[in-house]
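Work through the following exercises with the sequence and the structure side by side. Each task is followed by a solution that goes step by step.

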Amino acid sequence: MIQKILGSRKLILLGLLLIIPLGLFSKAYTGIGQDYVRDYVGDVLYEIFWCLFIFWLVDPLSGLAQLKNTTRNIALWIFLITCVIEISQLWFYLVPNVIRSSLIWRLLLGAGFAWWDFPHYAVGSLIGWGIIYQIGRMRNMN
């Protein structure tokens with residue numbers, strides 16, 4: 001019903017428009033569990049954002065088997081790429097501090113290496129996969 005009203009691309013865009021401010025807000029949150037929210041909730045939202053964004057770029061899919069493969073591959077690649085970025089943070093000290101301290105750098109590539117980011121990337125990728133899979137199923141049901 002919602003998909004018929006909005007269309008799948010508009011649902012993806014709506015998801016992106018919700019995730020972006022939530023992700024930015026998570027970095028400035030003060031309140032209960034603020035350290036956890038600032039450090040890890042953004043990781044989950046980051047993965048969901050990239051799953052939605054890449055799915056938005058993908059051509060319309062036909063068939064449930066192709067949808068399953070495509071959405072799984074998107075979520076898996078997003079997880080793997082963000083894990084590689086996380087590991088690369090071990091060498092970020094080679095990048096000048098002026099660049100590393102910029103807001104854009106910290107939002108896209110992080111502030112430093114943390115083992116606890118990996119499980120949150122996995123959770124975000126799983127949630128992202130579930131969202132894009134459901135949107136794709138709605139698209140294929142028409």
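**Exercise 1. Find where confidence in this predicted model is lowest and where it is highest.**

Solution. Begin with the helices: in this predicted model, confidence is lowest in helix 1 (residues 2-6), where the mean pLDDT is 53, and highest in helix 3 (residues 34-57), where the mean is 93. Next, set these values beside the protein as a whole, which has a mean pLDDT of 86, with 92% of its residues at 70 or more. Finally, keep a caution in mind: where pLDDT is low, predicted coordinates should not be read in detail.

**Exercise 2. Describe the overall architecture of the protein.**

Solution. Count the elements to begin with: the protein has seven helices and zero strands, so that, in DSSP terms, the order from the N terminus on reads α-α-α-α-α-α-α. Then consider the extent, for the C-alpha atoms fill a box of roughly 50 × 30 × 25 Å along the principal axes. Of the 142 residues, 35% count as buried. As a last step, look at the contacts between residues at least 6 apart in sequence, of which 73% join residues at least 24 apart.

**Exercise 3. Compare the span of helix 4 with the expected one, and list its buried residues.**

Solution. Helix 4 covers residues 64-88, which makes 25 residues, and from its first C-alpha to its last it reaches 36 Å, close to the 36 Å expected at 1.5 Å a residue. Turning to burial, the buried residues of helix 4 include Leu67, Thr70, Thr71, Ile74 and Ala75, and further along Ile78, Thr82, Cys83 and Glu86.

**Exercise 4. Which residues have the most contacts inside the largest nonpolar core, and which helix gives the largest share of this core?**

Solution. The core holds 20 residues, and those with the most contacts inside it are Leu52, Phe55 and Ile74. Two or more residues each come from helix 2 (8-28), helix 3, helix 4 and helix 7 (117-141), and the largest share, seven residues, is given by helix 3. Take Phe55 as an example: beyond four places in sequence, Phe55 touches Ile12, Leu61, Leu67, Thr71, Ile74, Ile132, Ile135, Gly136 and Arg139.

**Exercise 5. Why do Tyr133 and Gln89 count as buried, and what does each of them touch?**

Solution. Tyr133 lies in helix 7, and it counts as buried because its relative accessibility is 10%, below the cut-off of 20%. Leaving aside neighbours within four places, Tyr133 is in contact with Leu64, Leu67, Lys68 and Thr71. The C-alpha atoms of Tyr133 and Leu67 are 7.0 Å from each other, although these residues are 66 apart along the chain. Gln89, by contrast, sits in the loop between helix 4 and helix 5 (97-100), and Gln89 is buried because its relative accessible area is 8%. Beyond four places in sequence, Gln89 touches Leu109, Gly110, Ala111, Gly112 and Phe113.

**Exercise 6. Locate the largest pocket and say what lines it.**

Solution. The largest pocket holds about 770 Å³ of space, and of the 32 residues that line it, the closest to its centre are Lys27, Tyr46, Arg106, Leu107 and Leu108. At least two lining residues each are supplied by helix 2, helix 3, helix 4, helix 6 (103-109) and helix 7, with the largest share, nine residues, coming from helix 3.

Note on methods. Residues are numbered from 1 along each chain as its sequence is written. This is a predicted model: local features need pLDDT of at least 70, side-chain atom pairs count only at pLDDT 80 or more; totals for chains, interfaces and linings use all residues. Side-chain values use heavy atoms; hydrogens and water are left out. pLDDT is the predictor's confidence in each residue, from 0 to 100. Helices (H or I, at least four residues) and strands (E, at least two) are DSSP runs, numbered from the N terminus. The expected span of a helix is 1.5 Å times one less than its number of residues. Buried means under 20% relative accessible area, exposed over 50%, partly exposed in between (1.4 Å probe, protein chains only). A nonpolar core is a set of buried Ala, Val, Leu, Ile, Met, Phe, Trp, Tyr and Cys residues joined through side-chain atoms within 4.5 Å. Contact means heavy atoms within 4.5 Å. On a 1 Å grid over the protein atoms alone, a cavity is a set of points where a 1.4 Å probe fits but cannot get out, and a pocket is an open set with protein on both sides within 12 Å along at least five of seven lines; lining residues have an atom within 4 Å of a point. Grid points are joined across faces, edges and corners, and a volume is the space filled by probe spheres set on the points.
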